[in-house]
Amino acid sequence: MTREARLAAALGGSAAPARDRAFALRVIEAMEQKRYPGETLRAMLRAGGIAAAAGSLAYPLLAWAGTNAEAFQNGIWGAAALIGLVGLARLMSARATVLLRR
Amino acid sequence: MTPDDEARLIAAARKGDSRAYAALVDAHQQAVRGFLRRFTGHWADADDIAQEAFVTAWTKLARFEGRSSFRSWVSGIGFRIARDARRSHGRSAVRDADWLAEQDEADASAPIEDRIALTRAMADLPDEQRAAVALCLGEGFSHSEAAAILKQPLGTVKSHVTRGRERLLRALEVSDDA
């Protein structure tokens, strides 16, 4: 056997197994550990921000509603009508998309 | 895995699909770990580095432009982690030969003496040369892929492979004389 053939034989094949599900699983576990702490922190900051904004808006709104009850009621009806209109538009657009795909 | 399959899995993984990424890891772990095992000479360390390389690749997936294959990209990340770890720890070139012992003797086509001689000779090669040999002669990467992984000119990589190969052949000759 020549040295070339011996070198090829000694180097032949990979130094790692072809299939190793356990390795892939370890990678995914490490990945999830790295991903979720960041996402949890971001979600907490987002929720905190929204709560702070809502709180800062709610106080002056309630104070104003106490002295302007009629305008407040009109505002509620207006907002409800707007939400209904947006909901209807979304529903119609979803139906139109389904019909166009056919 | 076809390039189309790989592109589809990468696109899904970018959207956060960890099952798609697991399929990518499963498909390429052999090449990446094989290269790092031969490069570091330490089986357990190499697998830890490979794991870190795949996790780093996941975090940087949005930046992957597809100019090289996914396995080349991850191998490059692993190479830099391994090289930086060696530098920062001042690690000696002493190798372990655990992986030789764990290989199935029946499957091994080369005598154990040759494989031990080769492992020792690999340890004595300079880092860049050992990496080029491990990629091209060990794991079957092309010279162009190795050049992209090591971020070196193609001619330099070819020269590393030729010189490294000569040194390994010499090591086999010396083991015969011993």
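# Exercises on a predicted two-chain model

Chain A contains three helices and zero strands. The structure is a predicted model.

**Exercise 1.** Determine what pattern chain A follows along the sequence, and what percentage of its residues count as buried.

*Solution.* Begin with the elements: chain A has three helices and zero strands. Reading along the sequence then gives the pattern α-α-α. Finally, consider burial: of the 102 residues of chain A, 10% count as buried.

**Exercise 2.** Describe the side of chain A that touches chain B, by helix and by residue class.

*Solution.* First, establish the extent of the contact: 23 residues of chain A are in contact with 27 residues of chain B. Next, identify the helices on the side of chain A: α1 (3-11) and α2 (21-67) of chain A each supply at least two residues. The greatest contribution to this side comes from α2(A), with 10 residues. Lastly, sort the side of chain A that touches chain B by class: 14 residues are nonpolar, two are polar and seven are charged.

**Exercise 3.** Determine how helices α1 and α2 of chain B are arranged relative to each other, and which residues make their contact.

*Solution.* Two packed helices are described by the angle between their axes and the distance between the axes. Helix α1 of chain B covers residues 3-14 and helix α2 of chain B covers residues 18-40; their axes come within 7 Å and cross at roughly 135°. To classify this angle, note that over 145 degrees counts as roughly antiparallel and 65 to 115 as roughly perpendicular, with oblique for what lies outside the named ranges. The two helices, α1(B) and α2(B), are therefore oblique to each other. As to handedness, α1(B) passes α2(B) in a left-handed crossing. On the α1(B) side, the contact is made by B:L9, B:I10, B:A12 and B:A13, and on the α2(B) side by B:A20, B:Y21, B:A23 and B:L24. By class, the residues of this contact comprise eight nonpolar, no polar and no charged.

**Exercise 4.** Decide whether B:A131 is buried or exposed, and state which residues B:A131 is in contact with beyond its neighbours within four places in sequence.

*Solution.* Locate the residue first: B:A131 lies in helix α7 of chain B, residues 127-138. A residue is buried if 20 or more other C-beta atoms lie within 10 Å of its own. For B:A131 there are 28 other C-beta atoms within 10 Å, so B:A131 is buried. Leaving aside neighbours within four places in sequence, B:A131 is in contact with B:F39, B:F79 and B:L150. In addition, the C-alpha atoms of B:A131 and B:F35 are separated by 7.7 Å, although these residues are 96 residues apart along the chain.

Methods:
Residues are numbered from 1 along each chain as its sequence is written. Chains are lettered from A and ligands numbered from 1 in the order in which they are written. This is a predicted model: local features need pLDDT of at least 70, side-chain atom pairs count only at pLDDT 80 or more; totals for chains, interfaces and linings use all residues. Axes are lines fitted to C-alpha atoms, for helices over the stretch in contact, and angles run from 0 to 180 degrees between N-to-C directions. Helices (H or I, at least four residues) and strands (E, at least two) are DSSP runs, numbered from the N terminus. Angles under 35 degrees count as roughly parallel, over 145 as roughly antiparallel, 65 to 115 as roughly perpendicular and the rest as oblique. A crossing is left-handed if the near helix is turned anticlockwise from the far one by less than a right angle, and right-handed if clockwise. Two residues are in contact if their C-beta atoms, placed from the backbone, lie within 7 Å. Ala, Val, Leu, Ile, Met, Phe, Trp, Tyr, Cys and Pro count as nonpolar, Asp, Glu, Lys and Arg as charged, and the others, Gly among them, as polar. A residue is buried if 20 or more other C-beta atoms lie within 10 Å of its own, exposed if 12 or fewer, and partly exposed in between; C-beta atoms are placed from the backbone.
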